[in-house]
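Got your viewer open? Here's a short tour, one selection at a time.

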Amino acid sequence: MRRGAVPKRQIEPDIKYQSALVAKFVNYIMEGGKKAIARKAVYQALLNAEKKLGKTGLEILDQVIRNAGPEQELRSRRVGGANYQIPYPVKPERRITLALRWIILAARSKKGQPITEKLSQELIDAFNNTGAAVKRKIDTHRMADANRAFAHFAW
């Protein structure tokens, strides 16, 4: 039996940038509870991106999330024995989550470099509206446009 919604937890801001967004990014990068290693990787990646782009780390991360975060996504819905992919607008919190997840997946899929270099390269690519994370967003939007005919099935 369901007991209701679980309240959202507040994430404490990170040490260097005083930003909850950077803290969330560190938490997504972290594997096996090794937060110090994840923090070092994220800070170094942001520092490398700052040097290349000439902007602060927070400005870069905000722009990256705007460029890589989708405005629409598809959800499956079963109607009359058939499954339809129905486009839905993405809530702001989920948009941040998806953007960070796609950036990390794109960085981890590259081979032959340390995670800091792969992550900084993916941040720079997403900042410039290129790269795998932005491509995934464009593909998601293309699929949502193709399935717009089923939007009337949305609840």
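Which residues does Leu119 touch, leaving out residues up to four places away in sequence? Keep in mind that this is a predicted model, then select Leu119 and show its surroundings: you'll find Phe25, Ile29, Ala41, Val42, Ala45, Ile103 and Ala107 in contact with it.

Now widen the view. Leu119 belongs to the largest nonpolar core, a set of 31 residues. Colour Phe25, Val42, Ile103, Leu119 and Leu123 next, as these touch the most other members of that core. To see where the core comes from, bring up the helices that each give two or more residues to it: H1 (20-29), H2 (35-53), H3 (57-68), H4 (92-109), H5 (115-127) and H6 (132-146). Pick out H4 in particular, since it supplies the largest share, seven residues.

Time to leave the core and look at some backbone angles. Go to the segment before H1 and select Gln18. Its phi is near 55 degrees, a positive value, and the residue is not a glycine. Is Gln18 buried or exposed? With a relative accessible area of 57%, Gln18 is above the 50% cut-off, so it counts as exposed.

Last stop: the loop between H5 and H6, where you should select Asn129. Here too phi is positive, about 60 degrees, although Asn129 is not a glycine. Switch on the surface and check how much of this residue shows: the relative accessible area of Asn129 is 45%, so it is partly exposed.

Methods: Residues are numbered from 1 along each chain as its sequence is written. This is a predicted model: local features need pLDDT of at least 70, side-chain atom pairs count only at pLDDT 80 or more; totals for chains, interfaces and linings use all residues. Side-chain values use heavy atoms; hydrogens and water are left out. A nonpolar core is a set of buried Ala, Val, Leu, Ile, Met, Phe, Trp, Tyr and Cys residues joined through side-chain atoms within 4.5 Å. Buried means under 20% relative accessible area, exposed over 50%, partly exposed in between (1.4 Å probe, protein chains only). Helices (H or I, at least four residues) and strands (E, at least two) are DSSP runs, numbered from the N terminus. Contact means heavy atoms within 4.5 Å.
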